[in-house]
Amino acid sequence: MSGLGSDSWWKKTLYLTGGALLAAAAYLLHELLAIRKEQKVDSKDAIILHQFSRPKNGAPSLSPFCLKMETYLRMVDLPYQNYFDGKLSPQGKMPWIEYNNEKVSGTEFIIDFLEDKLGVNLNKNLNPHEKAVSRTVTRMVEEHFYWTIAYCQWVDNLQETQKMLCLSGPLSDLLKWILSHLTRGIVKREMYGHGIGRFSKEEIYALMEKDMRTLAALLGDKKYIMGPKLSTVDATVFGHLAQAMWTLPGTRPEQLIKGELINLAMYCERIRRKFWPEWCDYGDLLYDYEETSEDSVTPTQLHGYGLYSRTETFDEEVTENSFSCSQTPDTDYTGHELFDSDVDMEESDQEQYKTESFK
């Protein structure tokens, strides 16, 4: 009888737990469906960038690919509108874009699409050999290094990553727990299918370190990965290294990038200051300049930013004590945040990247 009672108690507990999880999942589904009931996006002559919501730690994204795509749009000086709706592309990808009712997913295909439609090209100055090297580095970062960072974020450092998720509502904490653990399961399954997930934690981190050292050696003392000029690979590398730099406090990748591989930290800071002036932080200023007066720095939060213009940014060749951050929050009539990536560039690059099809 005691065995039957114990079994009955166990079943009741299981049912209650399952019911709570189903209720939370139903609430989450309701919220997602409510988001998707918004009016149809009018993407006429405008780039609509669908991506995950901003995290709470001040970084633009916990997704290397979302950060890559948004940074690329800023690099080529194309205005775009963010939709943080959580809606995946028809292929189940994130990020993705809509342009004149065309939907494109996968960052590589999006970049090809923008080059074809709008004539932008960050790789114009690269010779065939350099383009081959650039593509090779991209494949290493996106098909190998990415998984080691994902492991650190969603498996080994899950609790800290969970705190960064931005969800609201009465069940936000429970939803964060569910989403983070669902993501953890997906990452582990995908890593196992890839092959890298079949190794031990130490082996995965050893592979991560080799990739980071390779990037550091390739960068050397150059300004960007392929030399003095930006190229598409810089958006890729930055999107991934930024996770180690700003979203994984106290972890092995952060210790490595802010310690022995300091040239990678300076590289990330260089790109962040040029293309993300509203995303700044006192603690990272040491990676570029020895002195920065308090009066010249005004840190701001990224959560509610809107439009910013060239007049509010700064030249790429920043001198000491000249760095500042600015933010001009604004939203369109739907309440979605807008961004005009009209950043300051070298004079010789402006004609190359500027497109007249956007007003």
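This is a guided tour of the structure, stop by stop, with what to select and what you will find there.

**Before you start**

You are looking at a predicted model, in which local features need pLDDT of at least 70 and side-chain atom pairs count only at pLDDT 80 or more, while totals for chains, interfaces and linings use all residues. Residues are numbered from 1 along each chain as its sequence is written, and side-chain values use heavy atoms, with hydrogens and water left out.

**Stop 1: the whole protein**

Show everything as a cartoon. The protein has 11 helices and 5 strands; these are DSSP runs (helices H or I of at least four residues, strands E of at least two), numbered from the N terminus. Of its 359 residues, 49% are buried, where buried means under 20% relative accessible area, exposed means over 50%, and partly exposed lies in between (1.4 Å probe, protein chains only).

Switch to a surface. The protein exposes about 17,800 Å², and carbon and sulfur atoms supply 54% of that area. Accessible areas come from the Shrake-Rupley method with a 1.4 Å probe, and for residues only the protein chains shown count as cover.

Among contacts with a separation of 6 or more, 75% are between residues 24 or more positions apart; contact means heavy atoms within 4.5 Å.

**Stop 2: strand S1 and its neighbours**

Select residues 47-50, which make up strand S1. Ile47 and Leu49 point one way from S1, Ile48 and His50 point the other way, and all are buried.

Now add residues 80-83, strand S2, which pairs with S1 in the parallel sense over 4 bridges. Two strands count as paired if DSSP finds at least two bridges between them. Bring in residues 96-99 too: this is strand S3, antiparallel to S1 and joined to S1 by 3 bridges.

Which residues stand opposite isoleucine 48? In S2 the residue is glutamine 81, and in S3 it is glutamate 98.

Finally, add residues 64-75, helix H2, to see S1, H2 and S2 make a right-handed β-α-β unit. Right-handed here means that, with the strands pointing away from the viewer, the path from the first strand over the helix to the second runs clockwise.

**Stop 3: leucine 67 in helix H2**

Stay with helix H2 and pick leucine 67. Leucine 67 counts as buried because its relative accessibility is 1%. Not counting residues up to four places away in sequence, leucine 67 touches Pro60, Ser61, Phe238, Gly239, Ala242, Gln243 and Trp276. Try a distance label on one of these: the C-alpha atoms of leucine 67 and alanine 242 are separated by 8.6 Å, although the two residues are 175 residues apart along the chain.

**Stop 4: salt bridges**

Side chains of opposite charge can pair when their charged atoms come close. The structure holds 17 salt bridges, each one a side-chain nitrogen of Lys or Arg within 4 Å of a carboxyl oxygen of Asp or Glu.

Begin with arginine 54 and glutamate 70, whose closest N and O atoms are 3.0 Å apart in a salt bridge. This pair links distant parts of the chain, 16 residues apart, with arginine 54 in the loop between S1 and H2 and glutamate 70 in helix H2. Is arginine 54 buried or exposed? Arginine 54 counts as buried, at 5% relative accessibility, and glutamate 70 is buried with a relative accessible area of 0%.

Next, go to helix H10, residues 262-275, where arginine 273 and glutamate 269 lie 4 residues apart, about one turn of the helix. They form a salt bridge with closest N and O atoms 2.9 Å apart, and both are buried. For a wider view, select Lys68, Glu108, Arg135, Arg139 and Glu142, which are joined into one network by salt bridges that share partners.

**Stop 5: helix H4**

Zoom in on two members of that network: arginine 139 and glutamate 142 meet in a salt bridge (2.8 Å, N to O). They are separated by about one helical turn because they are 3 residues apart in helix H4. Arginine 139 is partly exposed, at 25% relative accessibility, whereas glutamate 142 is buried at 6%.

Helix H4 covers residues 128-156 and also holds serine 134. Serine 134 is buried, with a relative accessible area of 5%. Leaving aside neighbours within four places in sequence, serine 134 is in contact with Leu126, Met226 and Val233.

**Stop 6: a nonpolar surface patch**

End back on the surface with Leu171, Leu174 and Trp177, a nonpolar patch with about 250 Å² of accessible area together. Patches are made of residues with over 30% relative accessible area and no salt bridge, with like charges joined within 9 Å and nonpolar side chains (Val, Leu, Ile, Met, Phe, Trp, Tyr) within 5 Å. Tryptophan 177 is in helix H6, residues 172-194, and counts as partly exposed at 41% relative accessibility.
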